[in-house]
Amino acid sequence: MKKVVIIGVGKEGTALLEVLAKTNQLQVIGVVDKNPVYQGEYKCESAGIPLFAKWKVALEKLASIDVVIEATGDYELLEEIQKYVKDEPVTVIPSSIASILFYLLEEKEGLIKEVKTHNEKINSILQSTHDGMIAIDIEEKFTLLNKRAEEITGFSEEQVLGVKINNILRSSELPRVLKTKKIETNRKQIISKDLTIVTTRVPMFNGKELIGALAVFKDITEIEKMAEEVTSLKSIQTMLEAIIHSSNDAISVVDESGKGVMINPAYTRITGLTKDQVVGMPASTDISEGESVHMKVLKRTEAIRGTKMKVGPLRKDVIVNVAPVIVDNQLKGSVAVIHDMSEMQELTYKLEKAKRIIRTLEAKYTFKDIIGDSAELQFAIEQAKLAAITPATILLRGESGTGKELFAHAIHNESNRKYNKFIRVNCAAISETLLESELFGYEDGAFSGAKRGGKKGLFQEADQGSIFLDEIGEVSANMQAKLLRVLQEQEIVRVGGTTPIPIDVRIIAATNVNIEMKMINQTFRADLFYRLNRMPIFIPSLRERKNDLYKLSLYLISKLNQDYGRNIVGMTMEALEKLMQYEWPGNIRELENILGRAIIHMGYTELNITEAHLPILFKEEIQPNHQQEPVNIEFQEKQTLQDMMDKQEEKILLNALNHNSGNKTNTAKMLSISIRNLYYKLDKYGIK
């Protein structure tokens, strides 16, 4: 920087002083003026510049002077100064040149100010743009990092200016542009797993000289996510359309005004109407008989189900379910699913037929499905396995709910008849006249309403297989005689027929009553009992094998989870102890009932059955105000003894049914009457 002394601070000198003070090229180290107390706008004292009255004194005292500017306009003074410094390396500038210098410097300052303002505008634009910008010089050092680039990279401009780019952003490819000097446009670059950009890189030249490189880039992470979401939405839309079009049920969609939007091929098949006839048309276009359910739903904004109507030119009978389509709490239309009733009727018939076949022909369980490790149960299982491989008739004995039917299934599946039919018959649930025709079949015209051509009986259906006769102790004396013939002769005679039909059927019978007592009372034939009792198997009650209670409970909980859609894990020790104290008159069936009720009352977040979830099991747990009232005999005039006995009997039946939660088998057992007798009494008193 050149050191300057100004001689004369008149108007031009003052202006020159002010300009030079702002420049970085020249430093004013002294000012000379005749009037030492300078009162101009620019104060030398405040600027720290020495003020002298005589120029020689200033030149003597100030060291290392490079330039002396004579600003007085006095030519003689100029000559004196030139003579004085002629032997010194000092440049003397006359006032005429100083004036030109002043104007040039002033113009330069103006240009600098304009450039500065222009640069500020450019910088403001660079900082406010939504695109990130990074610039480096020829040495690969940062020269620019705008605000958006700071946000994207996580670095500030102060941190990186003057630092090599690869020390900060290792994945940057700007240095390559310095080498190739080629423009790279719209290049995708993955910065991190959460940041992807698209950048354009250009080399920067000053004329032909390369001075750096610039990268302009956008964060496209959000755009890519949006694109993925759009693609996903398109995929979902395509999938939904494919699902709708592949459905066998007719589907129609209308908009909020009731105009058709979409139908599937099944709709055309059922109604006979094509897409051109429905889309864009009112919702009532397809209706032959009835009101538009679409319009009702759009009006109510509530689903309507099970509406019967006729649709299409063929007046097809259908059932329609319609639901509103609501998006962001705004009604956008409705969708209808139309079921062809003829197809439904056919499917219902097939389903019922399949159910009948499964119910009567299939043995579902094996010995592996019988849960328990107790010695009593294992002994029964071993007996059953031994009996299964023989052709002997088997009599399963045990209380109601112990699993006699489960044993019957397992015995059939263990025998050499397992690939043939297994038919189940509940003898107590079918009336005597119907039971005979069901078991033995009937000939054509055997009775009014008989099927033309006759019908095979269940014994014939089970030929080469097994038949399970449950509640065998409840059959009538007449039916007992016919069953005895089957066991003795291995043949049957159809109702209304005379020709014996040979059969090869393995009979598995079951009962929960005391047949020996029935034999004493002459209500069960001894000869039939001895035929059935060839291989008796006694199935223990649950109270006889309480050690199996926990294992049984876990199995039943798993089964109930599937039925109720729950996820119960098990039970607490307190709950198990309570179950262990109970005598279980209803056996496993009662246990399943108790666990089912407990699960129903559990919260959806609860995983274990606790004692609190279990219903009341013991009479002492019942509060006094919940106790059953004693049976009181009320005497009324004009009532016979039989009337009063009938009234009391009705009360006893009702109380017994309530005590057994409506279980008729347990009620009959508690009252020591047959299940058939119980049904008779219930029918007599009109108890349902």
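## A strand buried on both faces, and its surroundings

In strand E24, Arg506, Ile508 and Ala510 point one way while Ile507, Ala509 and Thr511 point the other way, and all of them are buried. This description, like everything that follows, rests on a predicted model. Strand E24 spans residues 506-511 and is mostly covered, with six of its six residues buried. In a regular strand the side chains alternate between the two faces of the sheet.

Which strands pair with E24? Strand E17, made of residues 394-397, runs parallel to E24 and is joined to it by four bridges, and E21 also pairs with E24 in the parallel sense, over four bridges. Within these pairings, Arg397 stands opposite Thr511 in E24, whereas Phe468 stands opposite Ile508 in E24. Strands of a sheet pair through backbone hydrogen bonds, either parallel or antiparallel.

### Strand pairings

The table sets out three pairings, each with a residue pair.

| Strands | Sense and bridges | Residue pair |
|---|---|---|
| E17 and E24 | parallel, four bridges | Arg397 and Thr511 |
| E21 and E24 | parallel, four bridges | Phe468 and Ile508 |
| E6 and E7 | antiparallel, three bridges | Ile136 and Phe142 |

The last of these rows belongs to an open sheet of five strands, which has the order E7-E6-E10-E9-E8 and antiparallel pairing. Its edge strands are E7, residues 142-145, and E8, residues 184-192, each of which pairs on one side only. From one strand to the next, the twist in this sheet averages 25 degrees. Strand E6 covers residues 132-137 and pairs with E7, and the bridge partner of Ile136 in E7 is Phe142.

### Helices H17 and H18

Helix H17 runs over residues 432-440, and its buried residues include Leu435, Glu436, Ser437, Leu439 and Phe440. What covers the buried residues of H17 includes the strands E18 (422-426), E19 (441-442), E21 (466-470) and E22 (491-492), together with the helices H18 (458-461) and H19 (477-489). Strand E21 is therefore met twice in this account, since what covers the buried residues of H17 includes E21 and E21 also pairs with E24. Just after H17, Gly441 takes a positive phi of about 80 degrees.

Helix H18 contains Gln460. Is Gln460 buried or exposed? Gln460 counts as buried because its relative accessibility is 16%, and buried means under 20%. Not counting residues up to four places away in sequence, Gln460 touches Ile492, Arg494, Ile501 and Ile503.

### The second largest pocket

The second largest pocket has a volume of about 720 Å³. Its lining is made up of 27 residues, of which Gly401, Gly403, Leu406, Ile588 and Arg589 lie nearest its centre. Three helices, namely H16 (404-414), H22 (549-564) and H24 (587-600), each supply at least two residues of that lining.

### The chain as a whole

The protein chain has 27 helices and 27 strands, and buried residues make up 40% of its 688 residues. Among its contacts between residues at least 6 apart in sequence, 58% join residues at least 24 apart. The accessible surface of the chain comes to about 40,400 Å², and 52% of that surface belongs to carbon and sulfur atoms.

Definitions and conventions: Residues numbered from 1 in each chain as written. Predicted model: local features only at pLDDT ≥ 70, side-chain atom pairs only at ≥ 80, totals over all residues. Heavy atoms only, no water. Buried < 20%, exposed > 50% of the residue type's maximum accessible area, 1.4 Å probe, protein only. Contact = heavy atoms within 4.5 Å. Areas by Shrake-Rupley, 256 points an atom, 1.4 Å probe, with all protein chains shown as cover. Pairing = 2+ DSSP bridges. Axes fitted to C-alpha atoms, helices over the stretch in contact; angles between N-to-C directions. 1 Å grid on protein atoms, 1.4 Å probe; cavity = no way out; pocket = protein on both sides within 12 Å on 5 of 7 lines; lining within 4 Å. Points joined across faces, edges and corners; volume = space filled by probe spheres on them.
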